[in-house]
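Got your viewer open? Grab the mouse, and let's walk through this model one selection at a time.

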Amino acid sequence: MTSPDPLLEITGLRLEAGAADAPARLVDGVDLAVAPGEVVGLVGESGSGKSLTMRSVLGLLPSGVRASGGRVGWDGEDLLAASEPRLREVRGGEIGMVYQDPSQALDPLMRVGDHIVETLRLHDPRLSRRAARERAVEALAAVGVPDPARRSRQYPHEFSGGMKQRAMIAVALANRPRLVIADEPTTALDVTIQAQVLDLLRTARDELGTAVVLITHDLGLVAEIADRVAVMYAGSVVEVGPVGELFSDPQHPYTRGLLASRPHLAARGAALPAIAGQPPLPTGRPPGCAFHPRCPLAGDLCVTDAPLLELRGPDHRTACHVPAPEGALR
Ligand SMILES: Nc1ncnc2c1ncn2[C@@H]1O[C@H](COP(=O)(O)OP(=O)(O)OP(=O)(O)O)[C@@H](O)[C@H]1O
Ligand code: SF4
Ligand SMILES: [Mg+2]
């Protein structure tokens, strides 16, 4: 896995839904490690299991979805086995969560500042209400909410979309978490606000040493902010490595397809054709390598044997039976 002792280390995570004797494997053996202060981009087509993987870290799986194997190591502890009171301590205390839609994090009936007051006092009951209010105003100021004292007394509907996003980040960062999980935090935002949100996450990393897992479809964003990238396909991580290396020398045919679909590469005429076909549903995954029906390199072994995530360079792993063609993207 990564060089320093990982803060978060997911190994062999399996999540399933449906009848126990014929479950749908939504997440099928995910391995993912995040070092302290590291920004990891988590990418992959819709339905590949990005959100469920990260929700399992916080014990926030939707009803009907259960963990059936693996481990979510958090500083030596297995969060999959943690009690609900312990998970409440972790959520918002040690791990902050930022969503695409701020209404998932902000209660419309609660003043914006009170969200921060509540989360601060939940994790530090000795903190007085007055001191927590002051810290809430500081937290809003730190994410660039103008006139924060007055704004802290307003309700979420009085905030614009971009300001709500900032407020949600202020709530997520209030307790100086060691990790922030950001699930498509900028997808619904215009480009200027996207850049501001990214700056906030970057500042948290630089100033507080916060590690970030950024789930996104936007490879440009990943190139800009991530240290490492993990690519998911059909419920598994198929490639993970340092961002520069993964972009310049992608090893997995799926990663190469994803990168080839990026507009600027296509415009340079250096791209492979984008990936044809659709990813399989969790109930209809093909045997062997789940990517084989779409893969231009698939051979007999790919149809019968699932490849394991194996080293292709220092800290660069890929799950594919076939070595990448030399200079595939260059
Ligand atoms: N509550 C649920 N019950 C059954 N299946 C579910 C449930 N929630 C998600 N799934 C399925 O699990 C798979 C993984 O979903 P997940 O939301 O993690 O994907 P994702 O990679 O985050 O996709 P997106 O990019 O669209 O957000 C999908 O096939 C999805 O349909
Ligand atoms: S294992 Fe085979 S089918 Fe799967 S990505 Fe590699 S070459 Fe393609
Ligand atoms: Mg998702």
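We'll visit the two ligands and the sheet, with a couple of helices along the way.

Before you click anything, keep in mind that this is a predicted model.

**Stop 1: ligand 1.** Select ligand 1 and show what is around it. You should find 15 residues surrounding this ligand, and the closest are Ser46, Gly47, Lys50, Ser51 and Leu52. What classes of residue make up the shell around ligand 1? There are 6 nonpolar, 6 polar and 3 charged residues.

Now zoom in on some oxygen atoms. One distance to look for is 2.8 Å, between an oxygen atom of ligand 1 and a polar backbone atom of glycine 47. Slide along to serine 48, where a polar backbone atom is 3.2 Å from an oxygen atom of the ligand. Serine 51 joins in with its side chain: an N or O atom there is 2.8 Å from an oxygen atom of ligand 1. How much of ligand 1 does the protein bury? Taken alone, the ligand exposes 640 Å², and 67% of that is buried by the protein.

**Stop 2: helix H1.** Next, select residues 50-57, which are helix H1. This helix gives the largest share of the shell around ligand 1, with 3 residues. Then look at what H1 lies across: strands S3 (39-43), S6, S7 (179-183), S8 (211-215) and S9. Against S8, the helix runs at about 150 degrees.

**Stop 3: the sheet.** Color the strands. Here 8 of them form an open sheet with mixed pairing, and you can trace the order S6-S7-S8-S3-S9-S10-S12-S11. Why does one side of S6 and of S11 lack a neighbour in the sheet? Strand S6 (95-98) and strand S11 (310-313) stand at the edges, and each has a single partner strand, so one side is left without a neighbour. Going from one strand to the next, the twist averages 20 degrees.

Pick out S9 (residues 228-233) and S10 (residues 236-242): they pair in the antiparallel sense over 6 bridges. Click tyrosine 233, then find its bridge partner in S10, serine 236. While you're here, select residues 253-260 for helix H10, which packs on the sheet and touches S3, S9 and S10. The direction of H10 makes about 105 degrees with that of S9.

**Stop 4: ligand 2.** Finally, select ligand 2. Around this one are 13 residues, and the closest are Cys289, Cys295, Cys302, Cys320 and His321. Color the shell by class and you'll count 10 nonpolar, 3 polar and no charged residues.

How values were computed: Residues are numbered from 1 along each chain as its sequence is written. Chains are lettered from A and ligands numbered from 1 in the order in which they are written. This is a predicted model: local features need pLDDT of at least 70, side-chain atom pairs count only at pLDDT 80 or more; totals for chains, interfaces and linings use all residues. Side-chain values use heavy atoms; hydrogens and water are left out. A residue is near a molecule or strand if one of its heavy atoms lies within 4 Å of it. A polar contact is a pair of N or O atoms within 3.5 Å; within protein, one must be able to donate a hydrogen and the other to accept it, and residues adjacent in sequence count only if both atoms are side-chain atoms. Accessible areas come from the Shrake-Rupley method with a 1.4 Å probe; for residues, only the protein chains shown count as cover. Helices (H or I, at least four residues) and strands (E, at least two) are DSSP runs, numbered from the N terminus. Ala, Val, Leu, Ile, Met, Phe, Trp, Tyr, Cys and Pro count as nonpolar, Asp, Glu, Lys and Arg as charged, and the others, Gly among them, as polar. Two strands pair if DSSP finds at least two bridges between them. Axes are lines fitted to C-alpha atoms, for helices over the stretch in contact, and angles run from 0 to 180 degrees between N-to-C directions. Contact means heavy atoms within 4.5 Å.
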